[in-house]
Amino acid sequence: MKTITLSSREMEKRIARFKRLSPLPIQQSDIPQAARDVVYSRKLLSVVGLETTTPINAAAPIVGAAGMTMTLAVCPPGQGPGLHSHRQTYETFTVMKGRFEVRWNDDGSGAAILELYDTVSFPPGVCRAFRNIGDDEGILQVIITGGVHDMSDIDFSFHAKEQIEAVRPGLSAEFEKAGFTFTAGR
């Protein structure tokens, strides 16, 4: 097999420095934090993005890894996105820091506690949520594979819409503009 030689300069394009990562641009908005917390982790740090730019991987320092994206979900204690499903993509979580509770099924009736380095993988069509149950900031590595990696792949529960609307009536329309829907489980 013929191999490839990369220079240090070329390889630097394939290294993501944690200290240089910044939250997704889509998270920087005038939408109140309480509503954003229903949909996003407090900070989503894109690490590996697709060759095609989407709102989820626009700031990824590494581009191109055979259709896989990787993001770090940073959550303060008690925070994490609500129940949602991915239409076409698999979503795999690994705890990098802290403890997380994952829930699944349309009503969140399935649950497990994940400790440091524990991993769970959800197939398309299964509702899932996660929440930092530790006392300190937690970090989940999120790997998405298969299908389309954009907001139109993500469908939140109607309950998530109700939580957003409780912050301010009509606010869920801002998330719908980005491509999210609120029909999971229906």
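This is a walk through the side-chain interactions of a predicted model, moving from its nonpolar cores to its aromatic pairs and its charged contacts.

Let us begin inside. In general, soluble globular proteins tend to have their nonpolar side chains buried together. Here, the largest nonpolar core holds 30 residues, and Phe130, Leu140, Ile164, Phe175 and Phe180 are the ones that touch the most other members. Helices and strands both feed this core: the elements that give two or more residues to it are α2 (33–39), β3 (69–75), β5, β6, β8, β10 (138–145), β11 and α3 (158–167). A second core, separate from that one, has nine residues, among them Leu21, Leu45, Ile62 and Met70.

Phe180 is a good residue to select on your screen. Which residues is Phe180 in contact with, leaving aside its neighbours within four places in sequence? They are Val39, Tyr40, Met151, Ile154, Phe156 and Phe175. Phe180 counts as buried because its relative accessible area is 3%, and buried means under 20%.

From here it is a short step to the aromatic rings, for which the count comes to nine pairs. In one of these pairs, Tyr40 and Phe180 meet edge-to-face, with 6.0 Å centre to centre and 70° between the planes. This pair links distant parts of the chain, since Tyr40 is in the loop between α2 and β1 (43–49) while Phe180 is in the loop between α4 (172–177) and β12 (181–184), 140 residues apart. Tyr40 is buried too, with a relative accessible area of 5%. If you follow the ring pairs, you find Tyr40, Phe156, Phe175, Phe180 and Phe182 linked into a cluster.

Now for another aromatic pair: Trp104 and Phe122 are tilted, at 6.3 Å centre to centre and 50° between the planes. Trp104 belongs to strand β6 and Phe122 to strand β8, so this pair ties together parts that are 18 residues apart in sequence. How accessible is each partner, buried or partly exposed? Phe122 is buried at 5% relative accessibility, whereas Trp104 is partly exposed at 27%. A ring can also meet a charge: the charged end of Arg186 sits over the ring of Phe158, 4.1 Å from its centre.

That brings us to the salt bridges, which number nine. Arg42 pairs with Asp37, and their closest N and O atoms are 2.6 Å apart. Asp37 is buried, at 15% relative accessibility, while Arg42 is partly exposed, with a relative accessible area of 34%.

A similar look at Asp155 shows a salt bridge with Arg87, where the closest N and O atoms are 3.8 Å apart. Because Asp155 lies in strand β11 (residues 154–157) and Arg87 in the loop between β4 (84–86) and β5 (90–97), the pair ties together parts 68 residues apart in sequence. Asp155 is buried at 8% relative accessible area, and Arg87 is partly exposed at 40%.

Arg99 and Glu115 also meet in a salt bridge, at 3.0 Å from N to O. Arg99 sits in the loop between β5 and β6 (100–104) and Glu115 in the loop between β7 (110–114) and β8 (119–122), so that the pair links distant parts of the chain, 16 residues apart. Arg99 is partly exposed, with a relative accessible area of 34%, and Glu115 is partly exposed at 35%. Finally, salt bridges with shared partners join Glu101, Arg103 and Arg131 into one network.

How values were computed: Residues numbered from 1 in each chain as written. Predicted model: local features only at pLDDT ≥ 70, side-chain atom pairs only at ≥ 80, totals over all residues. Heavy atoms only, no water. Salt bridge = Lys/Arg side-chain N within 4 Å of Asp/Glu carboxyl O. Buried < 20%, exposed > 50% of the residue type's maximum accessible area, 1.4 Å probe, protein only. Helix = DSSP H or I, 4+ residues; strand = E, 2+ residues; numbered from the N terminus. Core = buried A, V, L, I, M, F, W, Y, C linked by side-chain atoms within 4.5 Å. Contact = heavy atoms within 4.5 Å. Phe/Tyr/Trp six-rings, centres within 6.5 Å; stacked < 30°, edge-to-face > 60°. Lys NZ or Arg CZ within 6 Å of the ring centre and 35° of its normal.
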